[in-house]
Amino acid sequence: MSGGREYAKIGDRIYTRHAVDRTMPRGLTTHGRSMSPTNVEKVIRHGAMREEIVDGVTRQIYRAGTAEVVTKQGGKLVVTLNPRKYR
C-alpha cells in the first residue's frame, strides 16, 4: 500500500488494484475481464506502444490485436487493461 492505494507485484511489474481486478475471471469481480498477467506481458512485449499525457502524467498504451494495456513509469506500473484477449 502506498499513498492510500493498493498495489500488487506480479513478475517484474506493479499492478494497481484496478488492474488486478481486470485479470480476474468475469463474474468473480465486477471488473473481471479474464486477462491473465501472461497476456498482459505479451501485449507489452509485442504490441505497438504510444504515449499519452493524462492529467500531466505520461502513460504508455500498448496494443496488440484488440488487447490494450495502460502503464505508467515506463511500463513498470500497470494501470488498467481492456477486456479483449491477446491475439
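Two strands are taken as paired if DSSP finds at least two bridges between them. With that in mind, start this tour of a predicted model by colouring the whole chain by confidence: the chain averages a pLDDT of 88, and 91% of the residues score at least 70. Among the elements, helix 1 has the lowest mean pLDDT, 91, while strand 2 has the highest, 96.

**The sheet**

Select the strands next, and you will find six of them forming an open sheet in the order 1-2-6-5-4-3, with mixed pairing. Strand 1 (7-10) and strand 3 (48-54) occupy the edges and each has a single partner strand, so one side of each is left without a neighbour in the sheet. Looking along the sheet, the twist from one strand to the next averages 35°.

Stay at the edge formed by strand 3 and add strand 4 (residues 57-64): these two run antiparallel and are joined by seven bridges. Within this pair, select Glu-52, which stands opposite Arg-59 in strand 4. Glu-52 also forms a salt bridge with Arg-50, whose closest N and O atoms are 2.7 Å apart. Both partners count as partly exposed, Glu-52 with a relative accessible area of 33% and Arg-50 at 43% relative accessibility.

Now move to strand 6 (77-81), which is joined to strand 5 by four bridges in an antiparallel arrangement and to strand 2 by two bridges in a parallel one. Val-78 is a useful residue to select here, since Thr-71 stands opposite Val-78 and Tyr-15 also stands opposite Val-78. Is strand 6 enclosed by the rest of the structure, or left open? Five of its five residues are buried, so strand 6 is largely enclosed. To follow the chain back from strand 6 into strand 5, select the hairpin between them, which has four residues between the strands and in which Gln-73 takes a positive phi near 55°.**Helix 2 against the sheet**

Select helix 2 (residues 37-46), which packs on the sheet and touches strand 1, strand 2, strand 3, strand 4, strand 5 and strand 6, with its direction making about 80° with that of strand 5. Which residues of helix 2 are buried? They are Asn-39, Val-40, Glu-41, Val-43 and Ile-44, and what covers them includes strand 2, strand 4, strand 5 and strand 6.

**The nonpolar core**

With helix 2 still displayed, show the side chains of Tyr-15, Met-35, Val-40, Val-43, Val-69, Val-78 and Leu-81, which touch the most other members among the 13 residues of the largest nonpolar core. Two or more residues are given to this core by each of helix 1 (17-23), helix 2, strand 4, strand 5 and strand 6, and the largest share, three residues, comes from helix 2. Tyr-15 and Val-78, which you have already seen standing opposite each other, are thus met again here as members of the core.

**Salt bridges**

The count of salt bridges comes to five. Return to helix 2 and select Arg-45 together with Glu-41, which form a salt bridge with their closest N and O atoms 3.7 Å apart. Being four residues apart in helix 2, the two are separated by about one helical turn. Their surroundings differ in accessibility: Arg-45 counts as exposed at 63% relative accessibility, whereas Glu-41, at 18%, counts as buried, the cut-off for buried being under 20%. Add Arg-13 to the selection, and you have a network of salt bridges that links Arg-13, Glu-41 and Arg-45.

Then select Arg-63 and Glu-68, another salt-bridged pair, with the closest N and O atoms 3.8 Å apart. Here too the partners are partly exposed, Arg-63 with a relative accessible area of 41% and Glu-68 with one of 22%.

**A last stop in the loop**

Finally, select Ser-34, which lies in the loop between helix 1 and helix 2 and counts as partly exposed at 31% relative accessibility. Leaving aside residues up to four places away in sequence, Ser-34 touches Arg-22, Thr-23, Met-24, Pro-25 and Arg-26. To set this loop position against the strand pair visited earlier, draw a C-alpha to C-alpha distance from Ser-34 to Arg-59: the two are 25 residues apart in sequence and 23 Å apart in space.

Note on methods:
Residues numbered from 1 in each chain as written. Heavy atoms only, no water. Axes fitted to C-alpha atoms, helices over the stretch in contact; angles between N-to-C directions. Contact = heavy atoms within 4.5 Å. Core = buried A, V, L, I, M, F, W, Y, C linked by side-chain atoms within 4.5 Å. Buried < 20%, exposed > 50% of the residue type's maximum accessible area, 1.4 Å probe, protein only. Salt bridge = Lys/Arg side-chain N within 4 Å of Asp/Glu carboxyl O. pLDDT = per-residue confidence, 0-100.
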